[in-house]
Amino acid sequence: MTDPVSVEEHQRRVLEAVAPLAPVARPLLDALDLVAAEEVRATVSLPGFDNSGMDGYAVRLADVATATADQPVELPVAGEIGAGQGGPRELAPGTVAKIMTGAPVPAGADAVVPYEWTDRGADRVRIQQAPEPGQHVRPAGEDVRSGDLVVAPGTRLGPRHLGLLASVGCAEVRVHPRPRVAVLSTGSELREPGRPLGHGQIHDGNSYLLAAAVTRAGGEPQRVGIVPDDAQAFLAVLDDRLAGADLVVTSGGVSQGDFDVVKAALRERGVWFGPVAMQPGKPQGFGLLEAPDGRRVPVVTLPGNSVSSYVSFTVFVLPALRRMLGLRPELPPTVTARLTGPLTSPAGRRQFLRGAYADGSVTLVGGPGSHLIGGLAQSDCLVVVPERVTALAEDDEVAVIRLDGAS
Ligand code: AMP
Ligand code: MG
């Protein structure tokens, strides 16, 4: 039996084989949550022109300097300026212009008097208070100046960044695209959900589990569905999928059984198979396969038990997807929590138990069995028990990988 490799070593092996995907230009809304691959500088200023911050009257300060509630200043209204509606571009001395929020302040005006300080007159208006210089005028370039950096490379684009890019007139942005991930479930016992089961058959949970986890991680899953335990059939499906994939994830067929076709078929193509010092998820495999276009596509072969495949995805595939997306290749957030009860763990293997986390405490959910998907679904974290630890007591501290929202 080969010695197991450490979790870190297998993580490194997978990570070293992937890089941020080549940048592509995407329309703004397709870039949500993706990472900018270039710096974007504003080619305009924001605001783009001096504009009114209130509905009111554009005035010349000198004309209204003496205005008070007792002695209002009355002036003719020379025109009306709505946002995007045209209207006078210059204000003659001794006149005012009605102006709406966002409308360009006419040349010569140096403040906006809000409606509330006036009698709201249409042809003539009585102004009851003198504004400060520049009052309610939003000056051009106050927010962003032409040439300013609006998005730095490496920024994960959220709604606020996309709003800013649109505001400075960008319709597209160059990003690292979503990795296209082919997800194959292997097993002659598998049937699609919705189909009846014959003797010894089970529904394919894993391709849904993994495809959804790919989406959550920011990738674009291609759920191939079920492949029987037949090497020729498996290779045919795999070869067909390599062309359109940046990464292939398989489940099942990697342990010591007689029908472990993934291992049988891919070993000959140079894929590494062996044990990793963890539980669940001991049998793993990883390699690079050549696609028809010459690209070498990473293939991560996960074990078939559902919890094993999910834990392995979290530990090995998730960081790789993050790197392909241009993010730091880290695990979901890990916190320290106190155990609400004791546990035992095998020596020499890092154990990932399912847990429920609340207020700094973690309670184990379900048993340690790697097939217990019911318990997995009820959990919201993985309790990590280090390789050298074989028992922990109530109140002991453990590291906990929080799952929700992350994968
Ligand atoms: P394997 O790794 O192929 O030996 O499978 C290990 C266990 O996981 C077996 O009990 C399989 O029936 C089960 N299994 C394999 N693939 C899936 C799947 N896609 N969904 C649910 N269980 C699976
Ligand atoms: Mg199998």
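**Notebook: contacts, ligand site and backbone geometry**

I looked up Q11 first and found that, leaving out residues up to four places away in sequence, Q11 touches V315, F316 and L331. The model I am reading is a predicted one. I then placed Q11 within helix α1, which covers residues 7–16. Is Q11 buried or exposed? Q11 has a relative accessible area of 16%. The limit for buried is under 20%, so I enter Q11 as buried because its 16% falls in that class.

**Entry on H176**

I turned next to H176, which I located in strand β12, residues 172–176. Its relative accessible area is 13%, and H176 is therefore buried by the under 20% limit. Which residues does H176 contact, once neighbours within four places in sequence are set aside? I listed P20, L21, P23, L34, V35, A36, A37, M324, L325 and G326.

I checked two members of that list in more detail. For L21, I noted that its backbone oxygen lies 2.7 Å from a polar atom of the H176 side chain. For L325, I compared sequence and space: H176 and L325 are 149 residues apart in sequence, yet their C-alpha atoms are 5.5 Å apart.

**Entry on ligand 1**

I asked where ligand 1 sits, and the place is the largest pocket. There are 17 residues around ligand 1, and the ones that come nearest are E189, D204, G253, G304 and N305. I also looked for strands in this shell: β13 (180–186) and β15 (202–203) each supply at least two of its residues.

I then went through polar contacts of ligand 1 by residue.

- For D204, I recorded a polar side-chain atom 2.8 Å from a nitrogen atom of ligand 1.
- For N305, I recorded a backbone N or O atom 3.1 Å from an oxygen atom of ligand 1.
- For S185, I recorded an N or O atom of the side chain 3.3 Å from a nitrogen atom of ligand 1.

How much of ligand 1 does the protein bury? Taken alone, ligand 1 exposes 490 Å², and the protein buries 75% of that area. I note that D204 and N305 appear both among the nearest residues and in the polar contacts, D204 through its side chain and N305 through its backbone.

**Entry on cis peptide bonds**

I inspected omega at two prolines. The peptide bond from L46 to P47 is cis, with omega near -15°. I placed P47 in the loop that runs between β3 (40–41) and β4 (51–52). The bond from Q279 to P280 is likewise cis, with omega near -5°. P280 belongs to the loop between β19 (278–279) and β20 (283–290).

**Entry on positive phi**

I looked up phi at two residues other than glycine. D33 has a positive phi, near 75°, and I found D33 in the loop between β1 (24–27) and β2 (35–36). How accessible is D33? Its relative accessibility is 39%, which lies between the 20% and 50% limits, so I enter D33 as partly exposed.

R120 also has a positive phi, near 60°. I placed R120 in the loop between β8 (111–114) and β9 (124–127).

Technical notes
Residues are numbered from 1 along each chain as its sequence is written. Chains are lettered from A and ligands numbered from 1 in the order in which they are written. This is a predicted model: local features need pLDDT of at least 70, side-chain atom pairs count only at pLDDT 80 or more; totals for chains, interfaces and linings use all residues. Side-chain values use heavy atoms; hydrogens and water are left out. Helices (H or I, at least four residues) and strands (E, at least two) are DSSP runs, numbered from the N terminus. Buried means under 20% relative accessible area, exposed over 50%, partly exposed in between (1.4 Å probe, protein chains only). Contact means heavy atoms within 4.5 Å. A residue is near a molecule or strand if one of its heavy atoms lies within 4 Å of it. A polar contact is a pair of N or O atoms within 3.5 Å; within protein, one must be able to donate a hydrogen and the other to accept it, and residues adjacent in sequence count only if both atoms are side-chain atoms. Accessible areas come from the Shrake-Rupley method with a 1.4 Å probe; for residues, only the protein chains shown count as cover. On a 1 Å grid over the protein atoms alone, a cavity is a set of points where a 1.4 Å probe fits but cannot get out, and a pocket is an open set with protein on both sides within 12 Å along at least five of seven lines; lining residues have an atom within 4 Å of a point. A molecule sits in a cavity or pocket if more than half of its atoms lie within 2 Å of its grid points.
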